[in-house]
Amino acid sequence: MEIVRMSVGPLQANAYLLLAGEAAVVVDPGAEGDLIAAELERRAKRLEAVWLTHAHFDHVGGLAELLAAHGDGAVPVLMHPADEPLLEHAVAAAARWGIDIPAPPQRTHDLAHGALLSVGGEQARALHTPGHAPGHVAFHLPGHGVVLSGDALFQGSIGRTDLPLADHGQLLASIRRELLTLPDDTTVLPGHGPATTVEAERFGNPFL
Ligand SMILES: [Zn+2]
Ligand SMILES: [Zn+2]
(Lines give C-alpha, C1' and ligand atoms only; values in the text may rest on other atoms or scores of the structure.)
(Ligands and ions follow the chains in the order given, each with its own letter.)
Protein backbone atom coordinates (compact mmCIF):
# COMPACT_ATOMS: atom_id res chain seq x y z
CA MET A 1 0.00 0.00 0.00
CA GLU A 2 1.05 3.52 -0.71
CA ILE A 3 0.13 6.45 1.52
CA VAL A 4 0.12 9.90 -0.05
CA ARG A 5 -0.11 13.05 2.06
CA MET A 6 -1.75 16.19 0.71
CA SER A 7 -1.58 19.29 2.94
CA VAL A 8 -4.75 21.20 2.17
CA GLY A 9 -6.48 24.45 3.00
CA PRO A 10 -5.41 27.53 4.97
CA LEU A 11 -4.75 25.42 8.09
CA GLN A 12 -2.60 22.99 6.10
CA ALA A 13 -4.39 19.91 7.38
CA ASN A 14 -3.04 16.59 6.16
CA ALA A 15 -5.39 14.60 3.97
CA TYR A 16 -4.09 11.07 3.44
CA LEU A 17 -4.74 8.91 0.40
CA LEU A 18 -4.45 5.21 1.23
CA LEU A 19 -3.85 3.47 -2.08
CA ALA A 20 -3.93 -0.29 -2.54
CA GLY A 21 -4.35 -1.80 -5.99
CA GLU A 22 -7.12 0.15 -7.70
CA ALA A 23 -8.74 1.07 -4.39
CA ALA A 24 -8.38 4.28 -2.44
CA VAL A 25 -9.53 5.51 0.93
CA VAL A 26 -9.26 9.20 1.75
CA VAL A 27 -8.71 10.14 5.39
CA ASP A 28 -9.72 13.70 6.38
CA PRO A 29 -10.45 15.60 3.14
CA GLY A 30 -10.06 18.89 5.01
CA ALA A 31 -10.20 21.25 2.03
CA GLU A 32 -9.55 21.32 -1.70
CA GLY A 33 -11.77 18.28 -2.30
CA ASP A 34 -11.58 18.92 -6.04
CA LEU A 35 -7.78 18.59 -5.97
CA ILE A 36 -8.03 15.36 -3.99
CA ALA A 37 -10.57 13.98 -6.49
CA ALA A 38 -8.27 14.99 -9.36
CA GLU A 39 -5.31 13.26 -7.72
CA LEU A 40 -7.32 10.02 -7.40
CA GLU A 41 -8.35 10.27 -11.02
CA ARG A 42 -4.78 10.95 -12.15
CA ARG A 43 -3.71 7.79 -10.33
CA ALA A 44 -6.74 5.84 -11.69
CA LYS A 45 -7.95 4.93 -8.20
CA ARG A 46 -11.50 4.12 -7.18
CA LEU A 47 -12.63 5.93 -4.02
CA GLU A 48 -13.98 3.18 -1.73
CA ALA A 49 -14.59 5.20 1.43
CA VAL A 50 -13.80 8.32 3.39
CA TRP A 51 -12.62 7.88 6.97
CA LEU A 52 -12.78 10.88 9.31
CA THR A 53 -10.55 11.19 12.38
CA HIS A 54 -12.88 13.92 13.66
CA ALA A 55 -15.28 16.58 12.41
CA HIS A 56 -13.39 19.86 12.84
CA PHE A 57 -13.84 22.02 9.76
CA ASP A 58 -10.19 21.73 8.71
CA HIS A 59 -10.69 17.95 8.37
CA VAL A 60 -14.13 17.86 6.70
CA GLY A 61 -14.10 21.06 4.63
CA GLY A 62 -13.29 19.25 1.37
CA LEU A 63 -15.74 16.39 1.90
CA ALA A 64 -18.62 17.85 -0.14
CA GLU A 65 -16.42 18.60 -3.17
CA LEU A 66 -14.71 15.22 -3.04
CA LEU A 67 -18.03 13.35 -2.85
CA ALA A 68 -19.64 15.52 -5.53
CA ALA A 69 -17.28 13.90 -8.01
CA HIS A 70 -18.75 10.47 -7.15
CA GLY A 71 -22.54 10.81 -7.00
CA ASP A 72 -24.93 10.97 -4.05
CA GLY A 73 -24.38 8.37 -1.36
CA ALA A 74 -22.07 6.32 -3.56
CA VAL A 75 -19.11 6.56 -1.18
CA PRO A 76 -19.38 5.49 2.48
CA VAL A 77 -18.34 8.18 4.98
CA LEU A 78 -17.20 6.78 8.31
CA MET A 79 -17.17 8.90 11.47
CA HIS A 80 -17.58 8.37 15.20
CA PRO A 81 -21.11 9.53 16.14
CA ALA A 82 -19.85 11.52 19.15
CA ASP A 83 -18.51 14.13 16.69
CA GLU A 84 -21.96 14.82 15.25
CA PRO A 85 -22.28 18.20 17.08
CA LEU A 86 -18.92 19.31 15.62
CA LEU A 87 -19.98 18.32 12.11
CA GLU A 88 -23.18 20.31 12.48
CA HIS A 89 -21.18 23.38 13.51
CA ALA A 90 -18.34 22.97 11.01
CA VAL A 91 -19.57 25.68 8.64
CA ALA A 92 -20.04 28.19 11.48
CA ALA A 93 -16.70 27.26 13.04
CA ALA A 94 -14.92 27.85 9.72
CA ALA A 95 -16.72 31.19 9.29
CA ARG A 96 -15.25 32.39 12.59
CA TRP A 97 -11.81 31.93 10.98
CA GLY A 98 -13.05 33.80 7.91
CA ILE A 99 -13.05 30.56 5.94
CA ASP A 100 -15.89 29.42 3.70
CA ILE A 101 -16.56 25.70 3.47
CA PRO A 102 -19.42 23.89 1.74
CA ALA A 103 -21.68 22.10 4.24
CA PRO A 104 -20.16 18.66 4.82
CA PRO A 105 -22.48 15.71 4.10
CA GLN A 106 -23.56 13.45 6.97
CA ARG A 107 -21.70 10.26 7.74
CA THR A 108 -23.17 7.09 6.27
CA HIS A 109 -21.60 4.71 8.82
CA ASP A 110 -20.71 4.92 12.51
CA LEU A 111 -17.16 4.25 13.60
CA ALA A 112 -16.74 2.51 16.93
CA HIS A 113 -13.62 1.73 18.93
CA GLY A 114 -11.93 -1.38 17.59
CA ALA A 115 -13.82 -1.35 14.29
CA LEU A 116 -11.98 -3.34 11.64
CA LEU A 117 -11.68 -1.60 8.29
CA SER A 118 -9.96 -2.48 5.08
CA VAL A 119 -8.60 -0.84 2.01
CA GLY A 120 -7.70 -3.04 -0.95
CA GLY A 121 -7.27 -6.04 1.39
CA GLU A 122 -5.11 -4.15 3.93
CA GLN A 123 -6.51 -4.11 7.44
CA ALA A 124 -6.97 -1.09 9.66
CA ARG A 125 -8.44 -0.65 13.11
CA ALA A 126 -10.21 2.39 14.52
CA LEU A 127 -8.94 3.58 17.91
CA HIS A 128 -11.28 5.88 19.80
CA THR A 129 -9.00 8.64 21.10
CA PRO A 130 -11.26 11.35 22.57
CA GLY A 131 -10.00 14.55 24.15
CA HIS A 132 -9.30 16.92 21.24
CA ALA A 133 -12.79 16.01 20.01
CA PRO A 134 -15.27 13.63 21.65
CA GLY A 135 -15.51 11.32 18.64
CA HIS A 136 -11.86 11.49 17.63
CA VAL A 137 -10.44 8.26 16.25
CA ALA A 138 -7.01 7.22 15.05
CA PHE A 139 -6.51 4.59 12.36
CA HIS A 140 -3.91 1.88 12.95
CA LEU A 141 -2.61 -0.07 9.96
CA PRO A 142 -0.66 -2.85 11.66
CA GLY A 143 0.51 -4.49 8.45
CA HIS A 144 2.01 -1.22 7.39
CA GLY A 145 3.39 -0.10 10.77
CA VAL A 146 1.46 3.17 10.57
CA VAL A 147 -1.03 5.02 12.69
CA LEU A 148 -2.99 8.02 11.39
CA SER A 149 -3.20 10.05 14.59
CA GLY A 150 -5.45 12.90 13.47
CA ASP A 151 -5.25 15.86 15.84
CA ALA A 152 -4.55 13.74 18.93
CA LEU A 153 -0.77 13.46 18.57
CA PHE A 154 1.68 15.54 16.51
CA GLN A 155 5.45 15.62 16.17
CA GLY A 156 6.44 17.26 19.47
CA SER A 157 2.92 18.34 20.33
CA ILE A 158 -0.62 17.23 21.08
CA GLY A 159 -4.06 18.41 20.02
CA ARG A 160 -5.59 21.64 21.30
CA THR A 161 -8.10 21.27 24.08
CA ASP A 162 -9.18 24.93 24.39
CA LEU A 163 -12.10 24.08 22.10
CA PRO A 164 -15.75 23.18 22.62
CA LEU A 165 -16.23 19.56 23.77
CA ALA A 166 -12.46 19.10 24.25
CA ASP A 167 -10.89 17.70 27.44
CA HIS A 168 -7.16 17.83 28.20
CA GLY A 169 -7.06 14.99 30.73
CA GLN A 170 -9.06 12.76 28.42
CA LEU A 171 -6.68 13.51 25.53
CA LEU A 172 -3.60 12.57 27.58
CA ALA A 173 -5.30 9.35 28.70
CA SER A 174 -6.26 8.51 25.10
CA ILE A 175 -2.72 9.05 23.82
CA ARG A 176 -1.20 6.94 26.60
CA ARG A 177 -3.77 4.14 26.28
CA GLU A 178 -4.15 3.85 22.50
CA LEU A 179 -1.12 5.41 20.79
CA LEU A 180 1.94 5.08 23.04
CA THR A 181 1.10 1.37 23.46
CA LEU A 182 1.64 0.73 19.73
CA PRO A 183 5.00 -0.76 18.67
CA ASP A 184 7.88 1.74 19.08
CA ASP A 185 8.73 1.81 15.39
CA THR A 186 5.15 2.65 14.34
CA THR A 187 5.13 5.66 12.01
CA VAL A 188 2.77 8.36 13.23
CA LEU A 189 1.08 10.33 10.44
CA PRO A 190 -0.61 13.30 12.12
CA GLY A 191 -3.40 15.61 11.05
CA HIS A 192 -0.96 18.52 10.72
CA GLY A 193 2.79 18.66 10.19
CA PRO A 194 5.42 16.01 9.54
CA ALA A 195 5.50 12.30 10.34
CA THR A 196 7.09 10.99 13.51
CA THR A 197 7.25 7.68 15.41
CA VAL A 198 5.69 6.32 18.59
CA GLU A 199 9.17 5.98 20.11
CA ALA A 200 10.17 9.57 19.30
CA GLU A 201 7.00 10.94 20.90
CA ARG A 202 7.11 8.69 23.94
CA PHE A 203 10.60 9.97 24.79
CA GLY A 204 10.68 13.43 23.26
CA ASN A 205 7.20 14.93 23.37
CA PRO A 206 7.21 17.68 26.05
CA PHE A 207 3.42 17.47 26.50
CA LEU A 208 3.44 13.81 27.52
ZN1 LIG B 1 -9.08 19.21 15.14
ZN1 LIG C 1 -6.87 19.96 12.55
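Which residue bridges the zinc ion (ligand 2) and the zinc ion (ligand 1)? In this predicted model, the bridging residue is Asp151, and the two ions that Asp151 connects lie 3.5 Å apart.

It helps to begin with the chain as a whole. Seven helices and 14 strands make up its secondary structure elements. The chain has 208 residues and a radius of gyration of 16 Å, which agrees with the value near 17 Å that a compact globule would have. The C-alpha trace spans about 45 × 40 × 25 Å along its principal axes. Of the 208 residues, 52% count as buried, and the chain exposes about 8700 Å², with carbon and sulfur atoms supplying 53% of that area. Among contacts between residues at least 6 apart in sequence, 60% join residues at least 24 apart.

We can now turn to the zinc ion (ligand 1). Its protein donors are His54 through NE2, His56 through ND1, His132 through NE2 and Asp151 through OD, at 2.1 to 2.4 Å from the ion. Along the chain these donors follow the spacing H-x1-H-x75-H-x18-D. Distant parts of the chain are linked here by the pair His56 and His132, which are 76 residues apart: His56 sits in the loop between β4 (46–51) and α2 (57–60), and His132 in the loop between β8 (122–128) and β9 (137–141). His56 has a relative accessible area of 13% and is therefore buried. His132 is likewise buried, with a relative accessible area of 4%. The arrangement around the zinc ion (ligand 1) is irregular because the four donor atoms subtend angles of 89 to 174°; a tetrahedral assignment would need all angles between 85 and 135 degrees.

The zinc ion (ligand 2) also has four protein donors, namely Asp58 (OD), His59 (NE2), Asp151 (OD) and His192 (NE2), lying 2.1 to 2.2 Å from the ion. Their spacing along the chain reads D-H-x91-D-x40-H. Asp58 and His59 are both buried. The angles among the four donor atoms run from 87 to 155°, and this site is irregular too.

A further histidine deserves a look alongside the metal sites. His136 lies in the loop between β8 and β9, the loop that also holds His132. With a relative accessible area of 0%, His136 is buried. Leaving aside residues up to four places away in sequence, His136 touches several residues, among them the zinc donors His54 and Asp151. Its other contacts include Thr53, Asp83, Leu127, His128, Thr129, Pro130, Ser149, Gly150 and Ala152. With Ala152 there is a polar approach as well: the side chain of His136 reaches the backbone nitrogen of Ala152 at 3.4 Å.

Ser7 offers a view of another part of the chain. This residue is found in strand β1, which covers residues 2–8, and counts as partly exposed at 33% relative accessibility. Beyond residues up to four places away in sequence, Ser7 touches Gln12, Ala13, Asn14 and Glu32. With Asn14, the side chain of Ser7 makes a polar contact, side chain to side chain, at 2.9 Å. Ser7 and Ala94 are 87 residues apart in sequence, and their C-alpha atoms are 17 Å apart in space.

Methods: Residues numbered from 1 in each chain as written. Chains lettered and ligands numbered in written order. Predicted model: local features only at pLDDT ≥ 70, side-chain atom pairs only at ≥ 80, totals over all residues. Heavy atoms only, no water. Donors = N, O, S within 2.8 Å, 3.2 Å for Na, K, Ca; no water. Tetrahedral: all angles 85-135°; square planar, octahedral: opposite > 155°, others 65-115°. Helix = DSSP H or I, 4+ residues; strand = E, 2+ residues; numbered from the N terminus. Buried < 20%, exposed > 50% of the residue type's maximum accessible area, 1.4 Å probe, protein only. Rg over C-alpha atoms; globule rule 2.2 N^0.38 Å. Contact = heavy atoms within 4.5 Å. Areas by Shrake-Rupley, 256 points an atom, 1.4 Å probe, with all protein chains shown as cover. Polar contact = N/O pair within 3.5 Å; in protein donor to acceptor, adjacent residues only side chain to side chain.
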